[in-house]
Each structure stands twice: as structure tokens, then as C-alpha cells.
Amino acid sequence: MSRIKSIEISHHQLPLEPPFPASWDPVPRELFPCTIVRVHDDEGRVGIGSGDAMHGFAGFARYFVGQDPLDIDRHYTVLSNIGFHACRPWPLDAALWDLAGKTRGEPVWRMLGGTTDRIRAYASTGVRRTPRQMTRVARAAVERGFTALKLRIGDDTLEENLAAVSAVRDAVGDSLELMVDCNQGWRMPWDTSPPWELATAVKVARRLEDERVHWMEEPLDRGDYEGHAALRQETSVPIAGGEVTREPYEFRELLRRECLDVFQPDCVFTMGISGLRHLAREVAAAGKTFTPHTWGNGIGLMANLQLTAGTSGAPFIEFPFDPPEWTTERRDFMLTRTIEPDDEGWIKLPDTPGLGIELDEDALRRTRSESAAYTG
Ligand SMILES: [Mg+2]
């Protein structure tokens, strides 16, 4: 039996020129940070994960060294405890699954139960745009084979953004399902703007009903259970959320109080593949959709693809896509191959053991940094 030998963490930053104006961040991003977690076993295998920056993890590696890599539930309990005391250590969970897959010679989606080896991607934009610009992106998405597109709306540009949703619907008709992300669930540390009140969310939902929107995402603060439940009573648009909700008991409460139609926890930021594999099935059993947030890098995207293919097999999964500002080359700079959907918008899961990714060591050397931050 193999044993975990060491855990190695490195930080990297890809310079973004021009800066990336993410809709959920008031400060345009000059850097794309990436933290790589490697778990080495004593037989030369390496499991890889990425996602959260792992700040605060120093000192906890000793609780994994010497352990059996396949003891997944034990590791999940320790990671959950660390998550309470220090940081969000979930990239390590992805790395442990990668290592477990490599140890057993199986892809992660198959280890999880393997409901399917392909998932349909939806193109997920990251920038708020004028109607004309958004129509251009929508046409590019159709051209690329996508059948669904997520647009961003926000406070200061709300009317213009809603006009963009209408313009896209007019331009593409029913050839695209449209999702709309309001980004009210959480804030960057430096963003002090308050989340929407229920009345605003209802007003926006009415407008989205007119455009036959597939789901409305994060319309309220993540902890406003009452507001979410009330909003669902007020509108026919399905409500999505929970991308960084952290605790299993919070998800249970969201289910019990009928707050969401679509659950979106991202396994490299919350609960790991280990915790979410159970939640995904619970959500599906309740008649809701489980389809993770993936707006990070290619490793996080792949971990969430493996999780979803292995558990709930969602109708769509998020695929960050917003040319020219956001490309698969930027998103997957740490990988030897970018992750791409086929011409009809489907992503085929790899058959290789573990997560099925390979690090671009040259790119990682070039981008090595002391920390993982968004601005210089
Ligand atoms: Mg979102």
C-alpha cells in the first residue's frame, strides 16, 4: 500500500494585459493568480489540485503525511476541520482524488459512479457589456457550438445590462438558452456595496421572465434564505445559487426552505469532491439541479466536470468563455492542453486515470510568485 509522502504548494500569477474587468470585482484584474497543490506518494505518483489560494494551510500537511491516499472519507473530515480553523483547503481534496485515481488506474468520474462521460457546456461570460457588445459575444458562442449562454448584470449598469439580455434574445431567438448572473451572493473583500433587497430582485426577475431566462443566479445575499424562498414564489424564473456556500448544513437549509432550483457549489472552493458527491445526489433526489460554478482555472473546471459527470450528470455545466478578454489560453495557462468543448458544445471527459490533466511546468516556472493575488 502506498503512503502520502509530502504536500507541495506553489503560487503563480499570469499578467493580464489589458486587465480583465470581471463583473464581480470593482477593480479590473491585472493578474490571474493560481495556486497549485501537489500530493506526492512514496511510489512516485503525484496528485494535482488547484482553486483556493490555501492561505493558512501551513502546518497542516503533517495530518496527511504517512496516510493511505485512498482513505478519502478520513481526509474529508480533516479537511472540513481545517476549513473551520484556518483556510479553504479544498484544492487538496481535488489533488487527493487525482492521486486516488492514479493509484487505482481509473478516471475520477468513474470512481464516483460514472453516470456519463460527457456534459453539455454553457458559455459563461465574465464582463458586463453593452447590448451591441453582448450580441457579438452571443453570436460567437453560437458559432462555437454552444446552446446556452450566461450573461452578467449589475447595479450601476442594470438598465443597460437588461437591455443587453433583450438584445441577445432578439438576435439569437431560441437558439440559445440564456442564464443571467446577478452576482449578489458574495463580495470581494474591498467591495462594500450592499446586496439587492428582495424588491429589486423581484423587479429584475419580472424583466427576465419576459426574455424566457433559463435561470437567475445569485439575486440576493447567500444567507438570505427567507428572501430566496419568497422570490421563488414571486417568479417563474428558476433561481440558482450557492457557488461558495461553505457548510453542508447551509445547503441542507437551502434545500429544506425551498430557496433554490439550481445548486452551484464549486468543489475547489467548498466541500471538495468528497463532500459534494453526496450533496449532488441529495440535490438531484430533491428534484433540483446540481451544476457547479467553475469560474476559476482549468484544473478547477476539470475537477467540477469529473464530479458532475460522476454524480448528477447536469443538463449544462459552466464553461468560462468571453473573448477577447477571457480565453481558454488564459484560463488554462497552467495546463499542457486547454479544455475545449466539441463543435456541438459537449465536453468529453478524459479516460486517463485521476483528473486527466497535465501541468505545463514551463508556464508554471515563468509565472512563479510569492503569493496569489489579483493586483500587483
Ligand atoms: Mg456565478
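**Exercise 1. In this predicted model, where is E258, and is E258 buried, partly exposed or exposed?**

Start with the place: E258 sits in the loop between α8 (248–256) and β9 (262–263). Next, look at the backbone. Phi of E258 is positive, about 55°, although E258 is not a glycine. That deserves a flag, since most residues other than glycine have a negative phi. Finally, count neighbours: E258 has 15 other C-beta atoms within 10 Å, so E258 is partly exposed.

**Exercise 2. Which loop holds R212, and why does R212 count as exposed?**

Go to the loop between α6 (198–210) and β7 (215–217); that's where R212 is found. Then check phi: R212 has a positive value, near 55°, in a residue other than glycine. For the exposure, the cut-off is 12 or fewer C-beta atoms within 10 Å. R212 counts as exposed because there are 12 C-beta neighbours inside 10 Å.

**Exercise 3. Sort P189, Q264 and F290 into buried or exposed.**

Take P189, in the loop between β6 (177–181) and α6. P189 has 5 other C-beta atoms within 10 Å, so P189 is exposed. If you want a distance to check, the C-alpha atoms of P189 and P341 are separated by 33 Å, with these positions 152 residues apart along the chain.

Now Q264, in the loop between β9 and α9. Don't let the loop fool you: Q264 has 27 C-beta neighbours inside 10 Å and therefore counts as buried. Setting aside neighbours within four places in sequence, Q264 contacts A240, G241, G242, E243, T291, P292 and H293. From Q264 to L99, 165 residues apart along the chain, the C-alpha separation is 25 Å.

Last comes F290, which belongs to strand β10 (residues 289–290). The 23 C-beta neighbours inside 10 Å are why F290 counts as buried. Beyond four places in sequence, F290 touches F263, A280, V283, A284, S312 and A314. One of these partners, A314, is 24 residues away along the chain, and its C-alpha atom is 6.2 Å from that of F290.

**Exercise 4. What residues make the contact of α9 with α10, and at what angle do the axes cross?**

Begin with the geometry. The axes of α9 (residues 272–285) and α10 (residues 298–310) come within 10 Å and cross at roughly 35°. The crossing is right-handed. Then list the residues: α9 brings I273, L276, R277 and A280, while α10 brings A303, L307 and G310. By class, this contact has 5 nonpolar residues, 1 polar and 1 charged.

**Exercise 5. Which peptide bonds, E17 to P18 and P323 to P324, are cis or trans?**

Read off omega for each. From E17 to P18, omega is near 5°, and the bond is cis; P18 lies in strand β1. The bond joining P323 and P324 is also cis, with omega about 5°. P324 is in the loop between β11 (317–320) and α11 (328–331). For background, most peptide bonds are trans.

**Exercise 6. How many residues of domain 1 are in contact with domain 2, and which element gives the most?**

First fix the bounds. The domain assignment gives domain 1 (4–105 + 360–369) and domain 2 (111–348). Their C-alpha centres lie 23 Å apart. At the boundary, 34 residues of domain 1 are in contact with 31 residues of domain 2. On the domain 1 side, β1 (4–20), β2 (29–41), β3 (46–50), α1 (72–85), α2 and α12 (361–366) each supply at least two residues. The top contributor is α2, with 8 residues. Classes on this side of domain 1 come out as 21 nonpolar, 6 polar and 7 charged.

**Exercise 7. Which residues touch the most other members of the largest nonpolar core?**

The core has 96 residues, and L149, V180 and M216 touch the most other members. Helix α2 (residues 90–104) provides the largest share, 8 residues. Now place the core on the domain map: at least three residues come from each of domain 1 and domain 2. To finish, zoom in on M216. Leaving out neighbours within four places in sequence, M216 contacts V180, C182, A205, L208, V237, I239 and A240.

Definitions and conventions: Residues are numbered from 1 along each chain as its sequence is written. This is a predicted model: local features need pLDDT of at least 70, side-chain atom pairs count only at pLDDT 80 or more; totals for chains, interfaces and linings use all residues. A nonpolar core is a set of buried Ala, Val, Leu, Ile, Met, Phe, Trp, Tyr and Cys residues joined through C-beta atoms within 7 Å. A residue is buried if 20 or more other C-beta atoms lie within 10 Å of its own, exposed if 12 or fewer, and partly exposed in between; C-beta atoms are placed from the backbone. Helices (H or I, at least four residues) and strands (E, at least two) are DSSP runs, numbered from the N terminus. Domain bounds come from an automatic or database domain assignment. Two residues are in contact if their C-beta atoms, placed from the backbone, lie within 7 Å. Ala, Val, Leu, Ile, Met, Phe, Trp, Tyr, Cys and Pro count as nonpolar, Asp, Glu, Lys and Arg as charged, and the others, Gly among them, as polar. Axes are lines fitted to C-alpha atoms, for helices over the stretch in contact, and angles run from 0 to 180 degrees between N-to-C directions. A crossing is left-handed if the near helix is turned anticlockwise from the far one by less than a right angle, and right-handed if clockwise.
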